[in-house]
Amino acid sequence: MVYMVLAAAILCEVVGTVSLKFIDGLSRPLPLILVILGYGSAFVALASVLKMGLPVSVTYAIWSGAGVALVAVIGAVFLRESITLVQVGGIALIVGGVVALELGGAH
């Protein structure tokens with residue numbers, strides 16, 4: 001259950017971050033509302049994950065790493081932003097680091 005709530009936190013943060021691209025200097029209300037709701041919901045979900053007992057280091061690593069990777073992929077695939085092989089390697093390193101943190105904490 002804790003990882004489902006963490007996944008929800010990640011998705012909310014990604015929605016908020018991607019919506020930033022469309023707020024046009026705070027002049028477009030719908031994307032602005034998505035930013036506020038996305039980030040607000042993400043932090044509420046993160047607080048719930050921490051209350052459920054997942055360590056803050058693992059929680060934050062998964063949340064931020066997955067968020068960075070997803071936003072980069074969404075930017076490249078849907079927003080037509082350029083992505084280089086070096087950036088793809090960086091995303092792989094982020095994901096690998098998150099996996100290492102998770103596996104390193106297993107007993």
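Start in the middle. The largest nonpolar core has 17 residues. Select Leu6, Ile10, Val49, Leu54, Ile62 and Trp63, the residues with the most contacts inside this core. Now colour by element of secondary structure: H1, H2 and H3 each give two or more residues to the core. H1 supplies the largest share, seven residues. Bear in mind throughout that this is a predicted model.

**Stop 1: Leu54**

Stay with one core residue. Which residues does Leu54 touch, leaving aside those up to four places away in sequence? Show Val2, Tyr3, Leu6, Val49 and Thr59. Leu6 and Val49 also belong to the group with the most contacts inside the core.

**Stop 2: the whole chain**

Zoom out. The chain has four helices and zero strands. Trace the sequence from its start and the pattern reads α-α-α-α. The C-alpha atoms fill a box of roughly 50 × 35 × 20 Å along the principal axes. Of the 107 residues, 28% count as buried. Contacts also link distant parts of the sequence: among those between residues at least 6 apart, 65% join residues at least 24 apart.

**Stop 3: helix H1**

Select residues 2-20, which form helix H1. Why is a distance of 27 Å between its end C-alpha atoms what we should expect? H1 has 19 residues, and at 1.5 Å a residue they should span 27 Å, so the model agrees.

Next, pick out the buried residues of H1: Val2, Val5, Leu6, Ala9, Ile10, Glu13, Val14, Gly16, Val18 and Ser19. Look at the spacing as you go. An α-helix has 3.6 residues a turn, so residues three or four places apart point the same way. What covers the buried residues of H1? Show helix H2 (29-51) and helix H3 (56-77), which are included in that cover.

**Stop 4: helix H3**

Move on to residues 56-77, helix H3. H3 has 22 residues and reaches 31 Å from its first C-alpha to its last, close to the 32 Å expected at 1.5 Å a residue.

Its buried residues are Val58, Thr59, Ala61, Ile62, Trp63, Gly65, Gly67, Ala69 and Gly75. Ile62 and Trp63 were on the core list at the start. Now display what lies over the buried residues of H3: the cover includes H1, H2 and helix H4 (85-104).

**Last stop: the surface**

Turn on the surface. The accessible surface comes to about 6800 Å², and 76% of it belongs to carbon and sulfur atoms. Finally, colour by charge. There are 4 positive and 4 negative side chains. The centres of the two sets lie 7 Å apart.

Notes: Residues are numbered from 1 along each chain as its sequence is written. This is a predicted model: local features need pLDDT of at least 70, side-chain atom pairs count only at pLDDT 80 or more; totals for chains, interfaces and linings use all residues. Side-chain values use heavy atoms; hydrogens and water are left out. The expected span of a helix is 1.5 Å times one less than its number of residues. Buried means under 20% relative accessible area, exposed over 50%, partly exposed in between (1.4 Å probe, protein chains only). Contact means heavy atoms within 4.5 Å. Accessible areas come from the Shrake-Rupley method with a 1.4 Å probe; for residues, only the protein chains shown count as cover. Lys and Arg count as positive and Asp and Glu as negative; His and the chain ends are not counted. The place of a charge is taken as NZ of Lys, CZ of Arg, CG of Asp or CD of Glu. A nonpolar core is a set of buried Ala, Val, Leu, Ile, Met, Phe, Trp, Tyr and Cys residues joined through side-chain atoms within 4.5 Å.
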